[in-house]
Amino acid sequence: MALPKSAPVKKNVAGYPIEGSALLPSETLNAKIPITEKNILIGSIDEYFKNDVLRKNDIAEAQGVAYWGSQYQRMQYEQLRKRDPLYEQYIMKTYGSYSNFEQINSIGDALDVFNPYVDYKIDVTIITKDKFYKTDHISPYEIISESLSGLCTIDYLQVNGRADRITGTLYKKYILPSKINERSNFFFPMVDNRIGLWNTVKQKWSSFYMNRVIRFVRDDTTGLE
């Protein structure tokens, strides 16, 4: 599933301007984070996830809350509009408005209802400092929106059946400055709902198919003091 080593900048989505590496005043560039790449076997995914992604104190002290429609989810998506001007340009040029985009793709469904036309049944966890959020379904565009907001961990099966993991993002503070211009190529799902993210372990673009994802986690405590 290797992606092209370098996506031509001139072919960026819908002719959007070349993106610089400038961050908002509240953001700090962190293109390399201390994450160790590990391979896992499908039979031990649950135990691996429990030990490696959710620490025991996270589970014991956190309060599980339904994610879709929560105040935290709505706040994250609202902040995304302000934090990522290039993504907003893509939405406005492609759909005309955010409301059209959210309605057409069932983004952040407040009713928390599985939509078989757009959603995939996946174990989803969003970890914050004082609680974690859960849902059992997510769509390709929602995974992209989530990855634009932070670091995500995806446990999935490769096409050869081997279990693997990607720790990735589309949040530009975690992407090498030399690769930021390629980011807009992954604002939308590729053929067969293949999602591309910046792999923070391998320091290159990686991808996975939605129908092969087992578990999705976004840890918003990463980088907190």
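How many helices and strands are there in the protein? I looked that up before anything else, and got six helices and eight strands. I'm working from a predicted model, so every entry here is about a prediction.

**Entry: overall layout.** I read the elements off along the sequence and wrote down α-α-β-α-α-α-β-β-α-β-β-β-β-β. Then I checked burial: of the 225 residues, 49% count as buried. For contacts with a separation of 6 or more, I found that 69% are between residues 24 or more positions apart.

**Entry: helix 3.** I checked the length of this one. Helix 3 covers residues 71–83, which is 13 residues, and at 1.5 Å a residue the expected span is 18 Å. Its end C-alpha atoms sit 18 Å apart, so the two agree. Next I asked myself which residues of helix 3 are buried. My list reads Tyr72, Gln73, Gln76, Tyr77, Leu80 and Arg83. Looking down the helix axis, I see these buried residues fall within an arc of 130 degrees, so they line one face of helix 3. On the other side I noted Gln71 and Lys82 as exposed.

What covers that buried set? The cover includes two helices I wrote down, helix 4 (85–95) and helix 6 (140–147). Strand 2 (120–127), strand 3 (132–138) and strand 8 (213–219) are also part of the cover.

**Entry: helix 6.** Since helix 6 turned up in that cover, I looked at its own burial. Eight of its eight residues are buried, so helix 6 is largely enclosed by the rest of the structure. The charged members of the set are not spared: Glu142 and Glu146 are buried, and Glu counts as charged. Ser145 is on the buried list too, and I meet Ser145 again in the next entry as a cavity-lining residue.

**Entry: cavities.** Rolling a probe the size of a water molecule over the atoms shows where empty space is left. I counted two cavities of 30 Å³ or more. I spent my time on the second largest, which holds about 40 Å³. Its lining is Tyr77, Leu80, Tyr87, Tyr98, Phe101, Glu102, Ile107 and Ser145. Which element gives the largest share of that lining? I found it to be helix 5, with three residues. Helix 3 and helix 5 (98–104) each supply at least two. By class I got six nonpolar, one polar and one charged residue. Tyr77 and Leu80, both in this lining, are also on my list of buried residues in helix 3.

**Entry: three single residues.** I picked a few polar or charged side chains to look up.

- Arginine 215 is in strand 8. Buried or exposed? I have arginine 215 as buried, because its relative accessible area is 7% and the cut-off is under 20%. I also paired arginine 215 with lysine 121: they are 94 residues apart in sequence, yet 9.4 Å apart in space, C-alpha to C-alpha.
- Lysine 179 is in the loop between strand 5 (163–169) and strand 6 (194–199). At 21% relative accessibility, I log lysine 179 as partly exposed. Its C-alpha is 9.7 Å from that of glutamine 203, with their positions 24 residues apart along the chain.
- Glutamine 158 is in the loop between strand 4 (152–157) and strand 5. I get 16% relative accessible area for glutamine 158, so buried. Leaving out residues up to four places away in sequence, glutamine 158 touches Asp164 and Arg212.

Notes:
Residues numbered from 1 in each chain as written. Predicted model: local features only at pLDDT ≥ 70, side-chain atom pairs only at ≥ 80, totals over all residues. Heavy atoms only, no water. Helix = DSSP H or I, 4+ residues; strand = E, 2+ residues; numbered from the N terminus. Expected span 1.5 Å × (residues − 1). Buried < 20%, exposed > 50% of the residue type's maximum accessible area, 1.4 Å probe, protein only. Arc of directions from axis to C-beta. Contact = heavy atoms within 4.5 Å. 1 Å grid on protein atoms, 1.4 Å probe; cavity = no way out; pocket = protein on both sides within 12 Å on 5 of 7 lines; lining within 4 Å. Points joined across faces, edges and corners; volume = space filled by probe spheres on them.
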